[in-house]
Structures are given as C-alpha cells and as structure tokens.
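Me: I am new to this structure and should be grateful for a close look at one part of it. Please describe how the two domains of one chain meet, and then place that description beside the other chain.

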Amino acid sequence: MKKVMLVLLIALLIMPSVFAAGQKDTAATGTKTVTVFGAFVDEEQRRFEEAIKPFEERTGIDVVYEGSKDFETLISVRVEGGNPPDIAGLPQPGLMMNFASQGKLVPMWDSLEATIDKNYAPVWKDLGSYNGTPFGVFHRVNAKSFVWYPKKAWARAGYEVPTTWGELVALMDKMVANGHTPWAVGIESGGATGWVGTDWIEDIMLRTAGPDVYDKWVANEIPFNAPEVKEAFEILGDIWLNPKYVYGGTNTILTTSFGDAQRPMFDNPPKAWMHRQGNFITGFFPDTVQANLEEEVGVFPLPAINPEFGIPVLGGGDQFVVFNDRPEVRQFMEFLATWESGESWAKAGGALFPYLNQDLNAYPNEIERSLAEALVNAKVFRFDASDLMPAQVGAGSFWTGIVDWVNGKPLDTMLGDVQRSWPK
Amino acid sequence: MAVLDTGTQKGGVLSQALLAIGRIAVSLFVPIVAFVILWAGFMFLRDSNAPQGIIALVAIIWGVGGVAMLFWVADWVVNRTPLHVAKKLQPFVFVGPALVILTWYLFLPTMRSLYLSFFDAQSKNFVGLANYVFAFTDTKMLESFLNNLMWIVLGTGGAVGFGLLIALLADRSKLEKVFKSLIFMPMAISFVGAGVIWRFVYAYKPAGEDQIGLLNALVTLFGADPQAWFTLRPWNNVFLIVILIWLQTGYAMVIISAALKGVPSSIIEAGRIDGASELRIIRSIIIPFIASTLVTVSTTIIIISLKIFDIVFTMTNGNFGTEVIASMQYKQMFRFYHYGRGSAIAIVLVIAVIPVMWYNLRQFSKREGF
C-alpha cells in the first residue's frame with residue numbers, strides 16, 4: 001500500500017513539470033517563431049494551421065497557434081502579466097480598443113496599411129482602428145443575416161423563398177395554416193446564452209431603423225429603450241412569443257443550445273421549417289445533410305423590412321493584432337492580409353473571407369459561394385452590435401435582457417434595465 | 001552546539017574576534033550556497049531544452065530536495081545562535097514558510113482587492129463607496145443575496161438534515177458500511193462534474209419528443225407535460241440546491257456518524273431503562289451530545305453555500321433569476337472587466353464568510369483538534 005501511495009505521489013509531482021516542459025519544445029528548434037493566440041479551437045484550429053502552411057514553407061518561420069475557449073479571460077491575464085503572445089486574434093473590437101487605449105498594441109505600419117487598403121473594403125479597416133489609428137487585420141469573418149431551410153421538404157410543400165418581409169409573414173401564416181411550425185430557435189450557449197437573440201434584434205434594427213440609427217444605438221447616442229429599439233423587439237416578439245410560430249415555444253427557445261436548434265428542420269417531416277443563423281451553422285447540420293449540403297439545404301438573406309435600407313449584412317470576425325514588434329511578426333501579419341492566407345480554409349469550408357480580390361470559386365459549394373458574394377458585395381455591412389457595445393451591456397445585460405424578456409419580463413422594464421446598466 | 005561553544009573559552013581576544021567573524025561568515029556562506037543552488041535549479045527548469053524526462057527528474061529533485069534543503073539550512077543557522085535565541089527562533093523555522101505563503105497568496109491579494117474596490121473599472125480613479133453602493137442596490141445583486149440566503153437555509157438544512165437522518169438510520173442497520181459508502185460517493189465528484197451530470201437529469205425537450213432528461217422522462221411517463229425546469233422561478237433555485245445537498249450529505253453523514261459512535265451507550269441504555277422512546281432518546285440524549293459536531297458541519301456547509309459558484313455557472317449561468325454573489329463577482333471581474341465592482345463584491349463575500357468561519361474555528365478548537 002505504501003509503495004502504491006509513493007508511486008501516486010511521484011506521479012502527481014511529475015505531472016505538472018511534464019506539462020510545463022511540453023510547452024518549451026518549440027523554442028528548441030532555433031528557427032524564428034511567431035506565437036499566435038486565438039479563440040478558435042479543434043477543427044477550426046486545424047484549418048487555420050493548414051491555411052498558414054504556405055507561409056511557413058516559404059519563409060521558414062514557425063507559426064505556433066494556441067487556441068482557448070476561455071480566450072477573452074486569458075488574453076487579458078496574459079497581457080496584464082506582461083506575457084502577451086506576438087499576435088492575438090480578437091473576436092471583439094471592444095477588446096482591441098481596450099488594449100489599444102492602454103498602449104499595448106503595435107499600430108499598423110505603412111506597407112501593411114497599403115495592403116489593407118488594397119485588399120479590403122474600408123469598413124474592415126475602420127473596424128480595426130482605434131482613434132483613427134489602424135491596428136487589426138481581419139482574416140476569417142462571418143455573416144449572420146441568413147435564413148436556412150430544408151430544400152426538399154420546401155419543394156414538396158410548395159413553399160417559395162420570400163423576397164420581402166410581407167412575403168415572409170405571409171409564408172409563416174401559410175405554414176401555420178398547413179399545420180407546420182415556421183421557425184426553429186434556440187439561444188442557450190452556456191456563459192453566452194442570449195447572443196442568438198441579440199443577433200436577431202440587430203438584424204431587425206438594421207432593416208427598420210437603418211445603419212445610421214444602428215450606429216447611434218451602438219454608441220448609446222439613442223437610449224436602449226428608444227422607440228426604434230422597442231419596435232425591433234416588438235417585431236421579434238411577434239415571432240418568438242407566438243407559440244404557433246416557433247417550435248416548442250419560449251421554453252424551447254430558452255433551453256435549446258444554439259447549435260442544436262436547427263435539428264427539427266431535418267426531421268421527417270420537418271418539425272420546423274426555417275432557421276436564421278450565420279454561415280457557421282452548416283458545421284452543426286446533421287452529417288447526412290452536410291454530405292449533400294447543396295441538395296438538402298437552401299438559404300436566403302433575411303428580407304428587407306423598410307425598402308429604403310435594402311438588405312444589410314450583419315457579421316463579425318476575428319481581427320489579428322500585434323503585441324510584439326519583430327520582423328517575422330510583421331511578415332506574418334502581411335501574409336494574413338492577403339487572400340493566400342485564407343484560400344485553403346475557404347476550400348475546406350465553414351469560413352468566409354473579406355478579401356476583395358478573393359477567388360469565389362475556391363468555396364466548396366454554391367451556398368458558401370453565394371454567402372461570400374453577399375458579404376463582399378453588401379452595400380451596408382455592420383459589425384455585431386453586442387460585440388461593439390461595452391461588455392457590461394454587449395456581453396451582459398443585453399444577453400440576460402433577451403433571456404428575461406423571453407422568460408416573461410415586460411418589455412419596457414427590460415429595456416429600461418439594460419439602459420441603466422450602460423456604463424457612464 | 002555545545003561542542004562549538006567550547007571554542008570561545010580558549011585563545012585571546014583577537015582569535016575570539018576572528019572566530020566570531022568566521023562563524024558569521026560561515027553562517028552567511030551556507031544560506032548563500034543554498035540560494036545559489038536553488039536559483040540554478042530554477043534557471044535550469046526555466047530555460048533548459050533537455051529531454052522532458054530529465055527535466056521532470058530535475059524538477060522532482062529540485063522541488064522536494066529544495067524544500068528539505070531550505071529547512072535544513074534554516075535549522076542549521078538557527079542552531080548556531082546562542083541557545084536562548086535559538087529557542088525563540090526555532091518555531092519560525094516551522095511556521096515561517098506557511099506564514100510567508102499565506103501572506104503572499106492570501107493576505108496581500110485580499111488587501112489589494114480591498115484597495116481596488118474603491119476604484120473604477122480600470123482601477124484608475126478613486127470612486128469612494130460607489131462600488132459598494134452598486135453591490136447593495138443593483139437589482140441583480142439583491143436577487144443574488146436573496147438566492148444565497150436560500151442556498152444557506154435549504155442547502156445547509158438539507159445536507160445536515162439528511163446527513164443526520166442517514167447517520168442515525170445507518171447506525172441501526174447491519175448494512176451500515178454499504179449505505180454509508182453509497183451516500184458518500186458523490187463527495188468524490190467535483191461541483192462542475194455534478195453540474196454536467198445533473199444537466200442531464202433536468203434536460204428538457206418539447207412535448208412529443210424523446211425526453212433525454214431523467215426528471216422529464218418520469219413526468220411524461222405519468223402523462224404530464226415536460227417542464228423546462230431551469231426557467232421555473234423561483235423553484236429553479238431549489239433544483240440547483242438539490243445538487244449541493246446530493247454532494248454534501250455524504251460529508252455531513254460521515255462526520256455525524258463518527259460523533260454518534262462517541263455517544264456513550266451506557267447513557268442510552270439508562271434512557272431505555274427509564275422507558276424513553278427512541279425519538280426521545282435521539283432528541284434528549286444523542287442530539288445534545290453531538291451538538292458541537294452538528295454546528296461544525298453546518299458552518300462548513302454554510303461557507304460552501306455562501307461561496308457557491310460552480311453549480312450555478314455550469315447549470316444556468318445565473319439566468320432565470322438564479323444569480324448568486326460569486327457568479328456576479330465572476331461576471332463583473334472577468335466578463336465586464338470592472339475590477340472595482342468585482343473586488344467590492346469579493347470583499348462583501350469575504351465579510352459575510354468571516355463570522356461563520358470564526359465561529360467554525362472556535363468550535364474546532366473547543367473540540368481540541370479535528
């Protein structure tokens with residue numbers, strides 16, 4: 001027994017040192033190394049590493065990517081602890097502004113800025129700037145204003161893609177009359193529960209109030225309980241709070257994980273007939289559906305509500321920023337600003353890229369190609385508002401406000417609470 | 001030491017002085033060598049590119065050997081001082097390291113939190129008591145105070161109540177060991193692990209689908225509609241507290257059971273001879289006898305309930321009115337980056353725990369060791 005305990009004790013003692021030792025391997029080779037820290041993991045990490053291989057082969061520079069699901073917490077800890085990565089991929093512009101205001105980031109140098117001006121629409125440079133100084137380079141981005149539907153079942157039922165909001169509402173009523181449930185919605189997402197709802201609100205805001213009011217709303221120049229915001233919630237409420245329109249009603253909205261929410265669309269017969277979500281949702285579809293994506297799934301942009309504002313595109317993306325200024329870090333950043341850095345990932349699927357000069361044929365199917373096209377050609381593109389608002393609201397009261405409202409809290413009270421939580 | 005001291009009696013003043021200098025030099029030299037060795041080990045571990053196996057080996061020798069060496073050197077230095085000084089220094093060799101670590105890792109951070117709690121989100125501007133005003137007026141904060149109270153009353157009451165009941169019943173059973181082992185088992189599961197397990201118990205699917213949640217499977221078996229348990233205010237708090245009770249009943253039971261064995265059987269026999277009923281014996285003999293144990297167990301679980309976090313975080317994340325103080329602190333600190341509010345809430349939590357802890361420690365010392 002004592003021997004067993006001794007062995008266990010030694011094993012316990014060894015373990016941390018082995019892990020600690022494992023992290024050092026990369027320093028051993030002697031080649032130049034660039035460390036990148038980001039929020040995406042698993043399959044997405046693999047595809048990113050695949051995408052940057054051409055750079056590593058060409059330059060001999062070793063790019064070490066490390067991903068974490070707790071990225072937002074860890075990056076702040078690392079930066080404050082004086083141990084930042086060379087480059088970090090920040091999902092929220094607010095985080096970039098935070099670091100930029102503290103003087104932790106290396107501003108963009110001339111040659112990189114020239115590349116950005118050439119390869120991106122101006123909106124991306126603005127989103128990566130703080131006080132007029134550009135810092136961030138966008139790489140993989142996503143677009144969210146899309147409605148997905150089971151193509152074959154729609155064909156059998158004779159449903160047609162709506163092109164206006166009026167047609168969409170008519171379609172919903174037609175589905176209900178046929179005994180069908182129009183929408184599949186789920187907003188559960190662990191610590192981030194509620195973000196699916198904020199995306200819906202943002203999409204509706206852009207369509208009813210337009211991009212200018214949207215920008216004011218993001219900056220709190222109009223209060224959170226302004227009539228324009230309330231109107232967006234009322235339009236959403238007409239859909240979400242009507243049990244005929246959403247599969248399973250509010251309980252299912254609140255307790256279904258955002259990734260699983262689309263599943264009822266692919267039951268036979270479908271239990272729900274539409275699902276509004278970003279381009280990344282294809283990765284959550286059942287395997288059989290993913291195998292024949294083009295035959296099984298159709299997609300259309302969420303229609304315009306006020307024709308004046310057309311069909312804006314709502315999206316987000318990780319921007320890469322520099323903490324440590326070294327020649328090899330600069331080289332890698334300039335690589336990230338080119339289509340070459342995204343091509344293999346685009347081919348693998350599940351990612352869109354903002355490059356103006358990208359080759360749309362690289363995308364593996366018609367669906368992703370059309371999404372990328374919509375993204376590059378969008379007249380109005382806006383970043384996810386909840387990522388732009390202060391964290392207290394954008395990652396706090398806005399999310400919980402959605403949850404409380406769906407769970408029965410009166411709309412006016414909720415909107416007032418969110419406004420009060422806005423940091424002064 | 002006596003052997004060394006004899007040296008001072010011989011020789012002149014000069015040699016005595018030289019000897020004293022030599023002794024001081026040696027006393028300084030040995031700790032310096034020890035420090036250099038430790039430092040070299042640290043640098044090796046930090047920068048070495050040696051194979052993992054060797055690094056691991058060095059880490060063990062350096063870690064375990066380093067602690068032993070530090071103690072040995074400190075003891076050696078102390079023993080070279082005159083006896084009456086050595087006697088006074090000796091305790092610090094033993095307690096010192098613990099005190100240093102406690103100060104560095106516990107006391108100083110607490111003081112820093114206290115300091116930060118008077119500053120704004122970025123810890124730049126002094127804001128007075130504004131963060132404490134937030135902590136005691138914000139609606140979510142008030143909600144979490146109320147919820148924490150519920151955790152304390154129901155969680156502690158449930159765990160101690162069931163623990164006592166099971167300990168009493170098991171004491172009278174032939175299968176005592178089996179029952180106690182079964183009840184004790186959840187203690188081995190972490191709070192987060194328990195959260196993941198219970199998510200499946202409370203899982204919800206719309207009516208008409210296969211229920212993967214145990215509770216909803218039972219409910220639908222009896223013909224009722226499935227319930228989204230987490231969204232039912234205020235009962236969802238109770239559903240979460242049940243998990244704490246499930247985890248902590250085993251702890252309460254084991255401690256209470258040990259105390260039960262200490263109740264002298266002669267007194268119980270005497271009670272029986274006097275014709276007291278079994279309930280009367282429990283109430284008037286057993287409970288008073290184990291009262292101090294009950295208090296200790298209760299205060300321990302009260303502290304756990306006060307700082308409860310993991311269960312709420314994994315199950316509801318504070319949504320649907322289940323926020324608690326610790327989850328509010330986490331959100332302010334790590335999601336909103338409001339260091340002022342986060343620190344203020346942490347301090348409030350510390351202040352709430354201190355009286356319970358103080359009482360708990362007093363009980364421990366009354367019982368003279370644990």
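Reply:

**Where the two domains meet**

In this predicted model, 14 residues of domain 1 of chain A are in contact with 18 residues of domain 2 of chain A. The domain assignment places residues 33-143 and 315-383 of chain A in domain 1, and residues 146-311 and 390-421 in domain 2. Between the C-alpha centres of domain 1 and domain 2 of chain A there is a separation of 28 Å.

On the side of domain 1 of chain A that touches domain 2, strand 6 (137-143) and helix 18 (366-377) each contribute at least two residues. Helix 18 of chain A provides the largest share of that side, namely 5 residues. By character, the residues on this side of domain 1 of chain A comprise 6 nonpolar, 4 polar and 4 charged.

Chain B may now be set beside this description. Its secondary structure consists of 16 helices and 0 strands. Chain B has a radius of gyration of 29 Å, well over the 21 Å given by the globule rule for 370 residues, and is therefore more spread out than a compact globule. Along the principal axes, the C-alpha atoms of chain B fill a box of roughly 100 × 70 × 50 Å.

Of the 370 residues in chain B, 28% count as buried. Among the contacts in chain B with a separation of 6 or more, 66% are accounted for by residues 24 or more positions apart.

Technical notes. Residues are numbered from 1 along each chain as its sequence is written. Chains are lettered from A and ligands numbered from 1 in the order in which they are written. This is a predicted model: local features need pLDDT of at least 70, side-chain atom pairs count only at pLDDT 80 or more; totals for chains, interfaces and linings use all residues. Helices (H or I, at least four residues) and strands (E, at least two) are DSSP runs, numbered from the N terminus. The radius of gyration is taken over C-alpha atoms; the globule rule is 2.2 Å times the number of residues to the power 0.38. A residue is buried if 20 or more other C-beta atoms lie within 10 Å of its own, exposed if 12 or fewer, and partly exposed in between; C-beta atoms are placed from the backbone. Two residues are in contact if their C-beta atoms, placed from the backbone, lie within 7 Å. Domain bounds come from an automatic or database domain assignment. Ala, Val, Leu, Ile, Met, Phe, Trp, Tyr, Cys and Pro count as nonpolar, Asp, Glu, Lys and Arg as charged, and the others, Gly among them, as polar.
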